[in-house]
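Let's take a walk through a two-chain model and see how its pieces fit together. Have the picture open while you read.

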Amino acid sequence: MATNAIDQTRRMLSLVTYLRERPGARVTDVARAFGITEDELIGDLDVLPMCGTSFRGGDLLDIDTDGDRIWWHNPDASGTSTGEPLRLAADEATALLVAARAVATLPGLRESDRQALVRATAKIEAAAGEAAGASSRLSVTFESEGGVFADADRAISERRRVWLRYYSPARDELTEREVDPIRLFAVGHTYMEAWCRLSEARRTFRLDRVAEIRILDEPSDPPPVELRDLSEGLVQPAAEDPEVVIEVGPGGRWVAEYYPHDSAEELADGGLRITLRTPDPASLRRLALRLGRDGRIAAPADLADSARDAAREALAAYGE
Amino acid sequence: MAIAKAERLMNLALCLLGTRRPLSKGELRASIEAYIEAGKGAGGAAAGDDPGNDDAFNRMFERDKDDLRELGLIIETVEGLDGETGYLARRDSNRLPAITLDVEEAAALGLAARVWQQARLAAAASGALQKLAAAGMPLAEDPYGTHSALETRIPVHEAAFEPLMLAARDRRPVVFDYRKSNAARPEQRRVEPWALECWRGHWYLAGWDRDRQAERVFRLSRITGKVRSRALPFTAPVPDHVTVRTTVERWAGEKATGTARIKVRAGHGYPLRARALATHDLGDGWDELEIPYGHGLDAWLVEFGPDVIVLEPAELRAEVIDRLRAVAKG
């Protein structure tokens, strides 16, 4: 993590208060308590001896480390004391409170954990005082797939296989499969990452598309897989996936907001030409139908044809 | 080598926190090595002869105070008898009130602090935990071991998020270009930002639209270009409860205004069946469903192509046929 001067200053001010109470603290323990690497901590310890009020007749902070323990030789020297821990800034209170309130509403969170979070939130609100006020200006709502979540969570903790009836919007069908759950995560929607015995591959299931879930007696036995990095997008098309080109008018610009794409070129009428890749172009027939007069599939031709055929077939059923 | 900014900020903080009386800008300038070094300038001229150095120092000093205020430091400015402004950070106004957290509470906060995918809030959450650690919060043994298997992330992909968050925090009006979902061109909007809300992974802003003189909700991904904020007061009162979610649910068609009767081919349309108020097997490979009817239902039903047929109301049926015709013409 690149260290920004403001974050480092914030951390060093807390560090000084922390170290005062703990002579001979271990580098590993302090790094862990501060959520930083040992290298970052050593970097801070290199700066601290140059800080103090020596130009005002005080002292510099005489703090050093042998790489294992940290020693402060003049904790009582004049002008080096920041004394008590500092009040929370508005952004700090907001970051912590908004996250805590959001996590506390998650379905399936263990009751004891939820209670701990609710207690902690109340204490932070009280301690932050005025700084807590701005936290009401941000809020986050997670989806609540309560029942499915609870079963998936139990299957993970008991290491058991589950049976799913899962809805695929691309095919408009329900499929049944047995999967070995790996983990649950929430990024907007709540998902289960699992090893699918049917496809012999890792799959991500959106919990609001799970029509039915049953915990099986068989133990879960997913092969070791590297967990995907959630900070990247959930949809990561492969370079070899077929390309789809969609031309939308102004009313179809939302497509670029919902579908990860390679490019979105502005068109003269205020629309966009969107190029994206997907392993399964047929899955975009739904999109072509939804767009109506707001857009059309420019390529591939068979996808455009299948949308047109579907519309004609539907119109025939209406007697059109 | 230039003195690192973190060292300079740290020294300014220590001077302001360590003093009992307000210190003038001149005293602070003479008290901090980085300011003395900056004052010497790079050229041969004596520092005092070069007004550019004073300007540079003044700008640096103002920025440094702002940075320390971002960290939560309350820096008071006091007018001295001699007309000179003095600065100090009083201990009692900068102290974190006593707070005692147990191991479970510490673990829960540690887990919550990790959810931000936005750099500024992630750093602020870590900073908050560090202040709490300094205040004696115990170290959670293994935050994952004792907790739910759920990993949570709050996605923030929209560039407009940070400037709007700061403007909402400081109650400053903003100006941005906004393209409505069906508009070809963006239009400039002047807004007093009240609150931001993340729903289904997308961020929305609720605020007072100065030109329309009404409350409006904006989707952040539709803001184009930069968000500019003005250091001006709000003109409209901020309501106690801001209803971002209700508005967005209405857009998304979550609020039904009636019911519709549709036919769905057997084995298809699971999400429609999941929300059906009633279902009858018609015996010919089709089922009849009664479903809630709200904004956007026509577009959704068309997605199912020939597997869904609208029976009533007539207006919904006409809308769906109209959309199908557009696709059939291709």
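Start with two helices, one from each chain: α1(A) and α1(B) are oblique to each other, because oblique is the word for angles that are not under 35 degrees (roughly parallel), over 145 (roughly antiparallel) or 65 to 115 (roughly perpendicular). Their axes come within 9 Å and cross at roughly 45 degrees. Here an axis is a line fitted to C-alpha atoms, for helices over the stretch in contact, and angles run from 0 to 180 degrees between N-to-C directions. The crossing of α1(A) and α1(B) is right-handed, meaning that the near helix is turned clockwise from the far one by less than a right angle, while anticlockwise would be left-handed.

Which residues do the touching? From α1(A) come Ala5(A), Gln8(A), Thr9(A), Met12(A) and Leu13(A), and from α1(B) come Lys5(B), Ala6(B), Leu9(B), Met10(B) and Ala13(B). Being in contact means that the C-beta atoms of two residues, placed from the backbone, lie within 7 Å. Sorted by class, this patch has 7 nonpolar, 2 polar and 1 charged residues. For the classes, Ala, Val, Leu, Ile, Met, Phe, Trp, Tyr, Cys and Pro count as nonpolar, Asp, Glu, Lys and Arg as charged, and the others, Gly among them, as polar. A bit of helix background: there are 3.6 residues a turn in an α-helix, so residues three or four places apart point the same way.

Before going on, some housekeeping: residues are numbered from 1 along each chain as its sequence is written, and chains are lettered from A and ligands numbered from 1 in the order in which they are written. The model is predicted, so local features need pLDDT of at least 70 and side-chain atom pairs count only at pLDDT 80 or more, while totals for chains, interfaces and linings use all residues. Helices (H or I, at least four residues) and strands (E, at least two) are DSSP runs, numbered from the N terminus.

Now zoom out to the whole meeting place of the chains. The contact takes 106 residues from chain A and 101 residues from chain B. On the chain A side, helix α1 (residues 5-20) gives the most, with 12 residues. That side of chain A has 54 nonpolar, 22 polar and 30 charged residues.

Another pair of helices links the chains. The axes of α4(A) and α6(B) come within 8 Å and cross at roughly 100 degrees, and α4(A) and α6(B) are therefore roughly perpendicular. Leu96(A), Ala99(A), Ala100(A) and Val103(A) of α4(A) meet Leu109(B), Leu111(B), Ala112(B) and Ala113(B) of α6(B). This contact has 8 nonpolar residues, with no polar and no charged ones.

How many of the 11 residues of α6(B) are buried? The count is 9, which leaves helix α6 (residues 103-113) of chain B mostly covered. Buried means that 20 or more other C-beta atoms lie within 10 Å of a residue's own, exposed means 12 or fewer, and partly exposed is in between, with C-beta atoms placed from the backbone. The buried residues of α6(B) pack against α4 (90-104) and α5 (111-128) of chain A together with α7 (119-134) of chain B.

Strands cross the boundary too. β4(A) runs parallel to strand β6 (residues 187-199) of chain B, joined by 4 bridges; strands pair if DSSP finds at least two bridges between them. Leu138(A) has Leu196(B) as its bridge partner, and Thr141(A) has Trp199(B). Along β4 (residues 138-141) of chain A, the side chains alternate: Leu138(A) and Val140(A) point to one face and are buried, whereas Ser139(A) and Thr141(A) point to the other and are not.

Chain B also has an open sheet of 3 strands, in the order β1-β3-β2 with antiparallel pairing. Its edge strands, β1 (23-24) and β2 (76-79), each pair on one side only.

Finally, here are some backbone oddities.

| Residue | Backbone value | Loop |
|---|---|---|
| Asp172(A) | positive phi of about 50 degrees | between β5 (160-168) and β6 (173-187) of chain A |
| Glu200(A) | positive phi of about 50 degrees | between β7 (189-196) and β8 (201-206) of chain A |
| Pro300(A) | cis bond from Ala299(A), omega near 0 degrees | between β13 (295-299) and α9 (301-317) of chain A |
| Pro313(B) | cis bond from Glu312(B), omega near 5 degrees | between β13 (308-312) and α12 (314-329) of chain B |

Is Asp172(A) buried or exposed? Asp172(A) counts as buried because it has 22 C-beta neighbours inside 10 Å. Glu200(A) has 8 such neighbours, so it counts as exposed.
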